[in-house]
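Student: Could you show me how to read the way two helices pack against each other? I would like the general idea and then the case at hand.

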Amino acid sequence: MSTVSAIAATSPTDPLTRTTITRRPTGAHDVRLDIHYVGICHSDIHTVRAEWGEVAYPLVPGHEIAGVVTEIGSEVTKFKVGDRVGVGCFVDSCRECAQCRAGEEQYCAAGMVATYNAVDRDGTTTQGGYSGAIVVDENYVLRIPDAIPLDKAAPLLCAGVTTFSPLRHWKAGEGTRVAVIGLGGLGHLAVKLAVAMGAEVTVLSQSLKKMEDGLRLGASDYRATSDRETFKALRGRFDLILNTVSANLDLDQYLGLLDIDGTLVELGMPEHPMSVAAGALIRGRRNLTGSLIGGIAETQEMLDFCAEHDVTPEIEVIEPDYVNEAYDRVLASDVRYRFVIDTSSLR
């Protein structure tokens, strides 16, 4: 066991504070890495504030982890000391179900072991990346290409693969018309990735205040959803819509923007159940579905794609002690577009 510094939540309402946590010894198949950067995901805030269920406090959030290998187990074959690596949203799975065998561990029949606030294989609660180091089985560690700076690699481990996976699954590419709802942490990466895949991209945002950014990131059109004329002008326009926001939207309106056989993919998780009129689906043979992050192989594919196509997130690097202010700013949509914690003071 080893002790590392960390930033932890102690309740749903108290500020996150500095603390120390223990990490398990590096086992035969484990990789230990010093964490250099960790992204702040909106999921961190939902979890810390117990909005998604029970939380085992004290809890260290963080599942967008980028760092450098400092120790490997005796039977590790995939990594060596000094490698640039990342850890995403989960650190284990059953490895035996059909989903795990297919490389879709995020849909593990037994439930993936989340990077934090989950029960680890030794019975302890997993603790995340707002910390100085972590020990993870080599099969759940990603290689970060040299072309991607570590600070910009961190958000790709969640926000990147969360948007890459549905774009790949629903075959975004040349001739595909893609709309992205929301230009935030996920949305801005969805735009960049879809453009890099060759799709024609439109941003659908509540207002036009980020229009300049959206067009700079590669979108060919940017529309305000607060203007009801938008839904008339774009009716039947898109093959694929990615909804990256967690607000409860009028899904019937957005489904009307799909062409026949078009698909709307939910990536955010709204607070309240969604409602949809059957006619909105039936009249255009439209599809309403969801997507959850990506498996290990697909996450590696995403990282390699981003390196090849120079796709990286827009980030603001902060110190660990700024995390509470950063949470407030995330909730106020006052970040363009992802906070990343420099964890050097925790190592």
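Student: In which hand does H4 pass H5?

Tutor: In this predicted model, H4 passes H5 in a right-handed crossing.

Student: How is such a packing described?

Tutor: Two packed helices are described by the angle between their axes and the distance between the axes. Here H4 and H5 pack at an angle of about 45°, with their axes 9 Å apart. That angle makes H4 oblique to H5.

Student: Which residues make the contact?

Tutor: On the H4 side they are Ala159, Gly160, Thr162, Thr163, Phe164 and Leu167. H5 brings Gly185, Leu186, Leu189, Ala190, Leu193 and Ala194. By type, the residues of this contact divide into 8 nonpolar, 4 polar and no charged.

Student: Why do I see such spacing along a helix?

Tutor: An α-helix has 3.6 residues a turn, so residues three or four places apart point the same way.

Student: Is H4 largely enclosed or open, and why?

Tutor: H4 covers residues 159–169, and 9 of its 11 residues are buried, so the helix is largely enclosed by the rest of the structure. Among the elements covering its buried residues are H5, strand E14 (258–266) and helix H10 (296–309). Just after H4 comes Lys171, whose phi is positive, near 60°.

Student: Which residues have the most contacts inside the largest nonpolar core?

Tutor: They are Ile40, Tyr130 and Leu167, in a core of 88 residues. Helix H5 (residues 185–196) gives the most to this core, with 6 residues. A second, separate core has 13 residues, including Phe231 and Leu234.

Methods: Residues numbered from 1 in each chain as written. Predicted model: local features only at pLDDT ≥ 70, side-chain atom pairs only at ≥ 80, totals over all residues. Heavy atoms only, no water. Core = buried A, V, L, I, M, F, W, Y, C linked by side-chain atoms within 4.5 Å. Buried < 20%, exposed > 50% of the residue type's maximum accessible area, 1.4 Å probe, protein only. Helix = DSSP H or I, 4+ residues; strand = E, 2+ residues; numbered from the N terminus. Contact = heavy atoms within 4.5 Å. Axes fitted to C-alpha atoms, helices over the stretch in contact; angles between N-to-C directions. Parallel < 35°, antiparallel > 145°, perpendicular 65-115°, else oblique. Left-handed = near helix turned anticlockwise from the far one by under 90°. Nonpolar A, V, L, I, M, F, W, Y, C, P; charged D, E, K, R; others polar.
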